[in-house]
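Student: I would like a close look at one part of this model, followed by an account of how that part sits within the whole. Please take it step by step and at some length.

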Amino acid sequence: MIDVCAPVKGRAVFLWDGELRGFGCKVEGAGTKSFVLQYRNAERGKRRLVIGRYGVVTLEQARDDARIKLGQIAKGEDPADIKQASKMA
C-alpha cells in the first residue's frame, strides 16, 4: 500500500478530504504540498484550482476558502477564470 502523503517520483498524489467534497491536498513528486479544489464549471468542464501551499495556509483557512469558492460555483461563477483574469489585469 502506498502512503498517500509521501511523494511519488514523476506524478502527483491526491489526498481528498472526507468533510468537503472536491477539496484535498496535492503532493507533487518533489514533495511540494498544495491545497486544491476540484469541481465542474457551468459548462460541465472539470477544473482544479490551487487554493494555497501547505504550511503557508492552514487546513482550516484552505477549507474555509474552498467553501467560499464552492458558493461562487453554485452561483454560476468560475473561480479559476476569476483568478486568471486578475493575473492578466
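Where does arginine 44 lie?

Tutor: The model is a predicted one, and everything that follows should be read with that in mind. Arginine 44 lies in the loop that runs between strand E3, residues 33-40, and strand E4, residues 46-53. Its relative accessible area is 59%, and because exposed means over 50%, arginine 44 counts as an exposed residue.

Arginine 44 belongs to a group: Arg40, Arg44, Lys46 and Arg48 gather on the surface in a patch of positive charge. Another member of this patch, arginine 40, lies in strand E3, and with a relative accessibility of 42% arginine 40 counts as partly exposed. When neighbours within four places in sequence are left aside, the contacts of arginine 40 are with Gly45, Lys46 and Ile73, and Lys46 is itself named in the positive patch. Arginine 40 also gives a sense of distance, since its C-alpha atom is 26 Å from that of valine 56, although the two residues are 16 apart in sequence.

Strand E3 also holds serine 34, whose surroundings can be set beside those of arginine 40. Serine 34 has a relative accessible area of 14% and is therefore buried, whereas arginine 40, at 42%, is partly exposed. Beyond residues up to four places away in sequence, serine 34 touches Gly24, Cys25 and Lys26, and it also touches Val50, Gly52, Arg53 and Tyr54. In the loop between E2 and E3 there is glycine 31, which counts as partly exposed at 28% relative accessibility. The C-alpha atom of glycine 31 is separated by 24 Å from that of glutamate 19, and these two residues are 12 apart along the chain.

Glutamate 19 leads to the salt bridges. Side chains of opposite charge can pair when their charged atoms come close. A search of the whole structure finds 8 salt bridges, and one of them joins the side chains of arginine 63 and aspartate 17, at 3.0 Å from N to O. Arginine 63 is part of helix H1, residues 59-74, while aspartate 17 is in the loop between strand E1 (13-16) and strand E2 (23-27), so this pair ties together parts that are 46 residues apart in sequence. Arginine 63 counts as buried, with 7% relative accessibility.

The side chain of arginine 63 also meets that of glutamate 19 in a salt bridge, at 3.6 Å from N to O. This pair, too, links distant parts of the chain, with arginine 63 in helix H1 and glutamate 19 in the loop between E1 and E2, 44 residues apart.

A further salt bridge, at 3.3 Å from N to O, is formed by the side chains of arginine 67 and aspartate 64. Both residues lie in helix H1, 3 residues apart, which is about one turn of the helix. Arginine 67 is partly exposed at 37% relative accessible area, and aspartate 64 is partly exposed at 40%. These pairings belong to a network of salt bridges that links Asp17, Glu19, Glu60, Arg63, Asp64 and Arg67.

The chain as a whole gives the setting for these details. It has 2 helices and 4 strands, and from the N terminus on these elements run β-β-β-β-α-α. The C-alpha trace spans about 40 × 30 × 25 Å along its principal axes, and 28% of the 89 residues are buried. Among contacts between residues at least 6 apart in sequence, 28% join residues at least 24 apart. The accessible surface of the chain comes to about 6100 Å², and 53% of that area belongs to carbon and sulfur atoms. As for charge, the chain carries 17 positive and 11 negative side chains, and the centres of these two sets lie 6 Å apart.

To return to the residue you asked about, arginine 44 is an exposed residue in the loop between strands E3 and E4, and it shares a patch of positive charge with Arg40, Lys46 and Arg48.

Terms used: Residues are numbered from 1 along each chain as its sequence is written. This is a predicted model: local features need pLDDT of at least 70, side-chain atom pairs count only at pLDDT 80 or more; totals for chains, interfaces and linings use all residues. Side-chain values use heavy atoms; hydrogens and water are left out. Patches are made of residues with over 30% relative accessible area and no salt bridge: like charges are joined within 9 Å, nonpolar side chains (Val, Leu, Ile, Met, Phe, Trp, Tyr) within 5 Å. Accessible areas come from the Shrake-Rupley method with a 1.4 Å probe; for residues, only the protein chains shown count as cover. A salt bridge is a side-chain nitrogen of Lys or Arg within 4 Å of a carboxyl oxygen of Asp or Glu. Lys and Arg count as positive and Asp and Glu as negative; His and the chain ends are not counted. The place of a charge is taken as NZ of Lys, CZ of Arg, CG of Asp or CD of Glu. Buried means under 20% relative accessible area, exposed over 50%, partly exposed in between (1.4 Å probe, protein chains only). Contact means heavy atoms within 4.5 Å.
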